Amino acid sequence: MLDIQKVRNDFPILNQTVNGKPLVYFDNAATSQKPQIVIDAISNYYSTINANIHRGVHTLSQLATDAYEVSRQTIQKHINAKHAHEVLFTAGTTHGVNLVANGFSALIKTGDEVMISAMEHHSNIVPWQMLCERTGAKLVVIPMNQHGELIMEEFERLLSEKTKIVSVNHISNSLGTINPIEHIIKKAHTAGAAVFIDGAQAAPHLKIDVQALDCDFYAFSGHKACGPTGSGILYGKEEWLEKLPPYQGGGEMIKEVTFEKTTYAGLPHKFEAGTPHIEGGIVLGTAIDYLNTIGLDNIAAYETELLHYGTEKLLEIEGLKIIGTAANKTSVISFNIGNIHPYDIGAIVDKMGIAVRTGHHCTQPVMNFFDIPGTVRASFAFYNTKEEIDALVQAVLKAQRMLG
Ligand SMILES: *Cc1c(COP(=O)(O)O)cnc(C)c1O
């Protein structure tokens, strides 16, 4: 079990007032807060070993390189990748999707199909759309039902030998749905398609085992998992990363350069052109270590408790409707009250120190499907409490009285 007060003490930002009220931070699906150990690690890096990596013979460069590569191994172990060189440092999930979608330009042709789902984040839609525009491939969308669950019969019906890659999120950021990715991966492989998993919302909440999942690619962002912004991971199976062309050219990713021809470095360097976000990569390892100290099983169990409590309490508000009622959900509650605009609710609860997100959450097709302009979204992390949920309910009731 979690000692919540102890956990909260790890996060200095939580210990403040906003608009004269204790901060209640319920925008965790947009970015998580950072524990002191992560904040300190950033400062320590710049105070002690800052140097460019992989190039220098000097001591600091070697220390920075070692720390960067140790972090890669920490993440390899954490997601159970077979090889450390299958773990690429990126700027985040968006970068990971673009890297693979660009690489697929070389592997796909007119008439082929790229499959995504109806509940994707824009960053798992647009790069694939751009790929289809470049290649003449067709974008195919797995539909969902009114609960915000993917319709598996439709998925299987749409899958064919034309499908070259299926890219779906592990967890939806606007609905909270946990998708049956094991099943999707198995079926897609049977049809001969590769599978990309957008794990931006899963990495902070669930234990991930890429070998057990057997996915071909898995991407997540550091900043949603207690790490620094601008850090992220793209896992790719060795055979796929060998097959894909490099995404960016530059220093670090080459073996030999002449004006006639350049040969590329091996994995992972082939995909890590230029000076990376060194401190971000190193400190992402610190963040992952921190999450493992708390324990992802403990985190998942506690957040499920918050989800159930929050769902029950919010549904007591007359006229409140939850968008995203999948049987298998994470701690995200999207809701609307009658025709009150989500933005107006968000602005009033902010006056009471409560941070929620309002709008389309980078999932406009989801909003179109439910025929709404947006939602109010409260997303809980393991450092939130039931008392904070009670404060949200009171604030929403007040907003309803003022706007209703
Ligand atoms: C946040 C998010 C992304 C994009 O992540 P960035 O950190 O902005 O690159 C993609 N997919 C999902 C499901 C997300 O929640």
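This passage walks through two buried strands and the ligand site of a predicted model.

Strand 10, which spans residues 232–236, is a good place to start. This strand is mostly covered, with five of its five residues buried. In a regular strand, side chains alternate between the two faces of the sheet. For strand 10, one side carries Gly232, Leu234 and Gly236, the other carries Ile233 and Tyr235, and both faces are covered.

Strand 10 has pairing partners to go with that cover. One of them is strand 4 (residues 87–90), which pairs with strand 10 in the antiparallel sense over four bridges. Within this pairing, Phe89 has Ile233 as its bridge partner, and Ile233 is also one of the buried residues of strand 10. Another partner is strand 9 (residues 217–221), again antiparallel, this time over five bridges. Here Ser221 stands opposite Gly232 of strand 10.

Ser221 also leads straight to the ligand. Along with Ser221, the residues surrounding the ligand are Thr93, Thr94, His121, Ser123, Asn173, Asp198, Ala200, Gln201, His223 and Lys224. In the side chain of Ser221, an N or O atom is 2.7 Å from an oxygen atom of the ligand. Gln201 places a polar side-chain atom 2.6 Å from a ligand oxygen atom, and for Lys224 the corresponding distance, again from a polar side-chain atom to an oxygen atom of the ligand, is 2.8 Å. Taken on its own, the ligand has 390 Å² of accessible area, and the protein covers 87% of that. As for where the ligand sits, the space it takes is the largest pocket.

Asp198, another of the residues around the ligand, links the site to a second buried strand. Asp198 in strand 8 is the bridge partner of Asn169, and strand 8 (residues 194–198) runs parallel to strand 7, joined to it by five bridges. Strand 7 covers residues 163–169 and is largely enclosed by the rest of the structure, because six of its seven residues are buried. Strand 7 also pairs with strand 5 (residues 113–117): these two run parallel and are joined by three bridges. In that pairing, Val114 has Ile165 of strand 7 as its bridge partner.

Put together, the ligand's surroundings include a residue from each of two of these pairings: Ser221 and Asp198. Ser221 stands opposite Gly232 in strand 10, while Asp198 is bridged to Asn169.

How values were computed. Residues are numbered from 1 along each chain as its sequence is written. This is a predicted model: local features need pLDDT of at least 70, side-chain atom pairs count only at pLDDT 80 or more; totals for chains, interfaces and linings use all residues. Side-chain values use heavy atoms; hydrogens and water are left out. Buried means under 20% relative accessible area, exposed over 50%, partly exposed in between (1.4 Å probe, protein chains only). Two strands pair if DSSP finds at least two bridges between them. A residue is near a molecule or strand if one of its heavy atoms lies within 4 Å of it. A polar contact is a pair of N or O atoms within 3.5 Å; within protein, one must be able to donate a hydrogen and the other to accept it, and residues adjacent in sequence count only if both atoms are side-chain atoms. Accessible areas come from the Shrake-Rupley method with a 1.4 Å probe; for residues, only the protein chains shown count as cover. On a 1 Å grid over the protein atoms alone, a cavity is a set of points where a 1.4 Å probe fits but cannot get out, and a pocket is an open set with protein on both sides within 12 Å along at least five of seven lines; lining residues have an atom within 4 Å of a point. A molecule sits in a cavity or pocket if more than half of its atoms lie within 2 Å of its grid points.
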